[in-house]
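Reader: Please take a close look at one part of this model, namely its salt bridges and the helices that carry them. I would welcome a connected account that also covers the pockets beside those helices.

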Amino acid sequence: MAPKYKFTYFNMRARGEPTRLIFTAAGVEFEDVRIDFEKWKDLKESAPMGQLPMLEVDGVKICQSMSIARFVAKETGLAGKTNLEQAQADMFVDEISELLPKAAGVHFASDEAVKAERAKEFDKVLEETLGKLEKLSGSNGHLVGDSLLWCDLVLFNIGFNIDNYKPGTLKNYPKLNKVVDTVKANKRVAAWIAKRPDTKF
């Protein structure tokens, strides 16, 4: 019998969307539980590490966003065909994931002076990171190998934030842009994007 997956996170993309995208792209059914911050106060004690996202697999609870996403990628066959591909995919994910907190720092800053300072720092980090990723990326529409892997989905997800921040940025990085286009063309992913709640971050 196939495992039952219950994924709990806030009604936003942020640290939860990579896992949702992996399940979706693999065609694996999961329960997508979205809660508001008020309800989180009541659920916090039941989370092993007192944080979200949280994945329950047949009743066993797992925390930490990238640990969850990596586990789901392995469960669904999107981690990489070989140990080497898995290591390469992990490398891309670790590098891409460092962009999220910096993007969040700009997005959620309420003070304009603070936002401007954070944006200046983020611009520098973004250019450096995308430059490194572009050099390392495959040229066939995938970061690693010749088929869709979870690292492609993680890039696709952060691509939304980058495009909201500075539209057209990824067009300056042809190989990365091709990866995003490849994911966007995936029928399962396209259907998910069309039906998921529209959130800014």
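Author: A residue is called buried when its relative accessible area is under 20%, exposed when that area is over 50%, and partly exposed in between. The model is predicted. By this scale K132, with a relative accessible area of 43%, is partly exposed. K132 forms a salt bridge with E95, and the closest N and O atoms of the two are 3.0 Å apart. This pair links distant parts of the chain, since E95 belongs to helix α4 (residues 83-97) and K132 to helix α6, 37 residues apart.

Helix α6 takes part in another such contact, in which the side chains of E121 and K102 meet at 3.3 Å, N to O. Because K102 lies in helix α5 and E121 in helix α6, this salt bridge ties together parts that are 19 residues apart in sequence. K102 is partly exposed, with a relative accessible area of 32%, and E121 is partly exposed as well, at 45%.

A salt bridge between R20 and E17 has its closest N and O atoms 2.8 Å apart. R20 and E17 are three residues apart in helix α1 (residues 17-26), so about one helical turn separates them. R20 counts as buried because its relative accessibility is 0%, and E17 counts as buried at 0% too. E17 and R20 are also members of a network of salt bridges that includes D32, R34 and R196. The count of salt bridges comes to 11.

Helices α5 (99-107) and α6 (112-136) meet again at the second largest pocket, where α5, α6 and α7 each supply at least two lining residues. About 190 Å³ of space lies in this pocket. Its lining includes A103, H107, K115, F122, N161 and Y165. By class, that lining has five nonpolar, three polar and two charged residues.

Helix α7 (150-165) also serves the largest pocket, as does α8 (174-185), each with at least two lining residues. The space in the largest pocket is about 240 Å³. Of the 13 residues that line it, G159, D163, L170, V180 and K184 are the closest to its centre. The largest share of this lining comes from α7, with five residues. The lining of the largest pocket has five nonpolar, four polar and four charged residues.

As for α7 itself, 12 of its 16 residues are buried, among them W150, D152, F156, G159 and N161. At 1.5 Å a residue, α7 should span 22 Å, which agrees with the 23 Å between its end C-alpha atoms.

Conventions
Residues are numbered from 1 along each chain as its sequence is written. This is a predicted model: local features need pLDDT of at least 70, side-chain atom pairs count only at pLDDT 80 or more; totals for chains, interfaces and linings use all residues. Side-chain values use heavy atoms; hydrogens and water are left out. On a 1 Å grid over the protein atoms alone, a cavity is a set of points where a 1.4 Å probe fits but cannot get out, and a pocket is an open set with protein on both sides within 12 Å along at least five of seven lines; lining residues have an atom within 4 Å of a point. Grid points are joined across faces, edges and corners, and a volume is the space filled by probe spheres set on the points. Helices (H or I, at least four residues) and strands (E, at least two) are DSSP runs, numbered from the N terminus. Ala, Val, Leu, Ile, Met, Phe, Trp, Tyr, Cys and Pro count as nonpolar, Asp, Glu, Lys and Arg as charged, and the others, Gly among them, as polar. The expected span of a helix is 1.5 Å times one less than its number of residues. Buried means under 20% relative accessible area, exposed over 50%, partly exposed in between (1.4 Å probe, protein chains only). A salt bridge is a side-chain nitrogen of Lys or Arg within 4 Å of a carboxyl oxygen of Asp or Glu.
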